[in-house]
Each structure stands twice: as structure tokens, then as C-alpha cells.
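Dear colleague,

Please find below the structure that I am handing over to you. My findings follow directly after it.

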Amino acid sequence: MNTRVRGVLIGLGLGVAILLLIELSTILTTAVGEGTSRWWVVACYVAIGALVGAGVAMGRSDRLVPALSALIVALLALPSVDPGGAVGRVPQLGLGPSPGAALAVAFVAAGALAYSAVRGG
């Protein structure tokens, strides 16, 4: 497989996986009182950190992976900040009952990945 195609696929997969884990953590936050342990939410955040770390590590060899991951996370989290603004036309990411915490995690992940894309090896 071509290295560019592999980089694009890994970058897209990494960005989508981070967003899915953010969404899962917000769903689990609402279910904590219904028998779900808080440790599952912590496990989601640890997994997000591991994925961001993997993206940063991949940025040493191929800057395309963290760049695409950061782009995916930022593009789907931005409309949630200003739904009526210019980026509000993009489909919104449902960030659950505590959008502040989920947005913070999304933008920290996007920032770390963007830094890795700019910095490289």
C-alpha cells in the first residue's frame, strides 16, 4: 500500500476514533447514576490520551497522520462552539450533557496533534 494512502487512512481512523471515544465518555457520564461505574469514563479518557499519543508518535515519520486527525477533530468540534456562526452549517457533533468538558478534550487532542504535525520529527 502506498505510504500516502496509508497515512490518510490512519489519520482519518485516528480522528474518528478520538471523536467516538469523546462521545462514548459523554454517554457514560449520563449513565453513571444508573449502575455504570465512573471508571469507564476514566478508561475512555485514558484511551483518548493513548490515541493522541499514538498520533503524536506517528507524526515523527509521517506528518499527514496527525494533521488529518487534528483536522477531523477540529472540524467536527467547531460547530458546537458557535452553532449560528459561519461554521455552524457543518453537521454538529453531539457532545452530550457536558459540552464544555467534551469540547475541552476535543480541542486539546486537536492541539496536540496539530503541534505534532507542525513539529514533525
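Serine 116 is buried, because its relative accessible area is 5% and a residue counts as buried under 20%. This and all that follows rests on a predicted model. Serine 116 belongs to helix H4, which covers residues 99-119. Leaving out residues up to four places away in sequence, serine 116 touches Gly55, Val56, Gly59 and Pro66.

One of these partners, Gly55, leads to helix H2, as Gly55 is among the buried residues of that helix. The others in that group are Val41, Cys44, Ile48 and Val52. How are they arranged around the axis of H2? Viewed down the axis, the buried residues fall within an arc of 75°, so they line one face of the helix. On the face turned away from the buried side, H2 carries the exposed residues Trp39 and Val46. The length of H2 can be checked as well. The helix has 21 residues, from 38 to 58, and at 1.5 Å a residue these should span 30 Å. The C-alpha atoms at its ends are 31 Å apart, which agrees with the expected span.

Two further buried residues deserve your attention. Serine 69 lies in helix H3, and its relative accessible area of 0% means that it is buried. Not counting residues up to four places away in sequence, serine 69 touches Gly11, Leu14, Gly15 and Leu113. Glycine 7, in helix H1, is likewise buried, with a relative accessible area of 0%. Setting aside neighbours within four places in sequence, glycine 7 is in contact with Asp62, Leu64, Val65 and Leu68. Glycine 7 and leucine 64 are 57 residues apart along the chain, yet their C-alpha atoms are separated by 6.0 Å.

Asp62 also takes part in a salt bridge. The structure holds 1 salt bridge, and it joins arginine 4 to aspartate 62, with the closest N and O atoms 3.4 Å apart. What does this pair tie together? Arginine 4 lies in helix H1 and aspartate 62 in the loop between H2 and helix H3 (64-81), so the pair links parts that are 58 residues apart in sequence. Aspartate 62 counts as buried, because its relative accessibility is 12% and the limit for a buried residue is under 20%.

At the start of the chain, the picture is another one. Methionine 1 is placed in the segment before helix H1 (3-30). Is methionine 1 buried or exposed? Its relative accessible area is 76%, so methionine 1 is exposed. Together with Val5 and Leu9, Met1 makes a nonpolar surface patch of about 340 Å².

Finally, I turn to the chain as a whole. The chain has 4 helices and 0 strands, and from the N terminus on its elements run α-α-α-α. Of its 121 residues, 36% are buried. Among the contacts with a separation of 6 or more, 71% are between residues 24 or more positions apart. The accessible surface of the chain comes to about 6800 Å², and 69% of this surface belongs to carbon and sulfur atoms.

As you study the structure, you may wish to begin with serine 116 and its partners Gly55, Val56, Gly59 and Pro66, and then turn to the salt bridge between arginine 4 and aspartate 62.

Yours sincerely,
A colleague

How values were computed
Residues numbered from 1 in each chain as written. Predicted model: local features only at pLDDT ≥ 70, side-chain atom pairs only at ≥ 80, totals over all residues. Heavy atoms only, no water. Patch = residues over 30% accessible without salt bridge, like charges linked within 9 Å, V, L, I, M, F, W, Y side chains within 5 Å. Areas by Shrake-Rupley, 256 points an atom, 1.4 Å probe, with all protein chains shown as cover. Salt bridge = Lys/Arg side-chain N within 4 Å of Asp/Glu carboxyl O. Helix = DSSP H or I, 4+ residues; strand = E, 2+ residues; numbered from the N terminus. Buried < 20%, exposed > 50% of the residue type's maximum accessible area, 1.4 Å probe, protein only. Expected span 1.5 Å × (residues − 1). Arc of directions from axis to C-beta. Contact = heavy atoms within 4.5 Å.
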